[in-house]
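This briefing is intended for a biochemist who has the sequence and the coordinates at hand. Please keep both in view while reading.

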Amino acid sequence: MNAPVNPPKLFDCRDAFAATLERLAAENETIVAVCNDSVGSSKLGGFKSKFPDRLVNVGIAEQNMVGVGAGLANGGRLPYVCGASPFLTGRSLEQIKADISYSNANVKLVGISSGMAYGELGPTHHSIEDFAWTRVLPNLPVIAPCDRIETAAAVEWAASYDGPCFLRLSRVGVPDLLPEGHKFEVGKANLLREGSDVTLIANGTLTHRMVKAAEILAKRGIKARVLNMATVRPIDETAIIAAANETGAIVTAEEHSIFGGLGSAIAEVVVDNAPVPMKRLGVPGIYAPTGSAEFLLDEFGMAPAAIADAAQALITRK
């Protein structure tokens, strides 16, 4: 198949995170960065150069890193605690629960290279459980921006929010979907495309694939609504209920296990308020094999054409 004549430019959301954090730190001297020997992968090199006394590198010691972040917050600092998402969440879940969530510490957790971005490094480096682990914790908004614009807006929102949050960022390049100057609202979905036949819901790296799937469906005469559900908790119940009532079918896709993540969160709202047929696309309860993120997403049925096929099949159950 021929490549598009003018393929969209792809951006690494980590760059938007780093640039925004540096700008905010120049305006607010209480902002500090804490990392787990991940200055490079967290894109904190510029921050380190500009604010060498405000970057704490604890080494490969994620539990300690979260504790350091909590201590800095208790001391009046505004810490962004950064690390590869599988290790930030999996290794230090107890510290996140006790020191951050239970204590309602003003710490911004930033999970870098989430989902299957480290695909070639295998299952130990895949982060396909982090939504499930974090969204059950009280006091902890869970956010997965869809592009660089939303990433920058979410990082800025986090600085103004008095409390903890978890930002889930990928290293996989994605195109711009939201307009420049977009203001992030926690718990608020973005309508990317109108539709009345089925609703496609995603966040993070899957959002632009949902838009492409909707374009494929449009050529088949099917009008698909597309929602960017960046906030997994608190989730936009109003948008979900409206989608169920107005389109009668919902397809979700996520770079995560189908158990406990975005699809599960949406299904909880649907079953309690407006039961309709649903299809949850994601990793089907197994350890994903080794391979590139692009390969793995396609392997698990999340290529745009496969999403479109799943949506079309779901419509027949309405």
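The notes below cover the sheets, the helices that pack on them, the cysteines and one selected residue.

The model is predicted. One open sheet is built from 7 strands with mixed pairing, and another open sheet, also mixed, has 5 strands. A search of the whole structure for disulfides returns 0.

**Annotated span**

- The unreviewed UniProt entry lists residues 11-176 as "domain: Transketolase-like pyrimidine-binding".
- Within residues 11-176, helix accounts for 42% and strand for 16%, and the C-alpha atoms at the two ends are 8 Å apart.

**The sheet of 7 strands**

- The strand order in this open sheet is S2-S1-S3-S4-S6-S5-S10.
- Strands S2 and S10 (231-233) form the edges, each of them pairing on one side only.
- Strand S3 (residues 78-84) and strand S4 (residues 108-112) are joined in the parallel sense by 5 bridges; within this pairing, Val81 is opposite Leu109 of S4.
- Helix H3 packs on the sheet and touches S1, S2 and S3, with its direction at about 170° to that of S3.
- Helix H7 (residues 148-160) also packs on the sheet, where it touches S3, S4, strand S5 (142-143) and strand S6 (165-168). The direction of H7 makes about 170° with that of S6.

**Strand S1 within that sheet**

- Strand S1 (residues 31-35) is largely enclosed by the rest of the structure, because 5 of its 5 residues are buried.
- In a regular strand, side chains alternate between the two faces of the sheet.
- In S1, Ile31, Ala33 and Cys35 point one way, while Val32 and Val34 point the other way; all are buried.
- S1 pairs with S3 in the parallel sense over 5 bridges, and Ala33 has Tyr80 as its bridge partner in S3.
- S1 also pairs in the parallel sense with strand S2 (residues 55-57), here over 3 bridges. The bridge partner of Ala33 in S2 is Leu55.

**Packing of helices H3 and H5**

- The axes of helix H3 (residues 62-74) and helix H5 (residues 93-102) are 9 Å apart and meet at an angle of about 5°. The two helices are therefore roughly parallel to each other.
- H3 contributes Gln63, Val66, Gly67 and Ala70 to the contact, and H5 contributes Gln95, Ile96, Asp99 and Ile100.

**The sheet of 5 strands**

- The strand order in this open sheet is S7-S9-S8-S11-S12, and the pairing is mixed.
- Strand S7 (190-193) and strand S12 (278-283) are the edge strands; each has a single partner strand, so one side of each lacks a neighbour in the sheet.
- From one strand to the next, the twist averages 25°.
- Strand S11 (residues 250-257) runs parallel to S12, and 5 bridges join the two. Ser257 is positioned opposite Val283 in S12.
- Helix H8 (residues 207-219) lies across S7, strand S8 (198-202), strand S9 (224-228) and S11, and runs at about 160° to S8.
- Helix H10 (residues 262-273) lies across S8, S11 and S12, and runs at about 145° to S11.

**Cysteines**

- A disulfide is a covalent bond between the sulfur atoms of two cysteines. The number found in the whole structure is 0.
- Cys146 takes part in no disulfide, and the nearest cysteine sulfur, that of Cys13, lies 7.7 Å away. Cys146 counts as buried because its relative accessibility is 2%, under the 20% cut-off.
- The sulfur of Cys165 has its closest cysteine sulfur in Cys82, at 11 Å, which is too far for a bond; the cut-off applied is 2.5 Å. Cys165 is likewise buried, with a relative accessible area of 0%.

**Ile241 and its surroundings**

- Ile241 is located in helix H9 (residues 237-247).
- With a relative accessible area of 23%, Ile241 is partly exposed.
- Apart from residues up to four places away in sequence, Ile241 touches Val269, Asn273 and Ala274.
- Ile241 and Ile266 are separated by 25 residues in sequence, and their C-alpha atoms are 9.4 Å apart in space.

Terms used: Residues are numbered from 1 along each chain as its sequence is written. This is a predicted model: local features need pLDDT of at least 70, side-chain atom pairs count only at pLDDT 80 or more; totals for chains, interfaces and linings use all residues. Side-chain values use heavy atoms; hydrogens and water are left out. Two strands pair if DSSP finds at least two bridges between them. Helices (H or I, at least four residues) and strands (E, at least two) are DSSP runs, numbered from the N terminus. Axes are lines fitted to C-alpha atoms, for helices over the stretch in contact, and angles run from 0 to 180 degrees between N-to-C directions. Contact means heavy atoms within 4.5 Å. Buried means under 20% relative accessible area, exposed over 50%, partly exposed in between (1.4 Å probe, protein chains only). UniProt positions are given in the numbering used here, feature names are shortened, and annotations may be inferred rather than shown by experiment. Angles under 35 degrees count as roughly parallel, over 145 as roughly antiparallel, 65 to 115 as roughly perpendicular and the rest as oblique.
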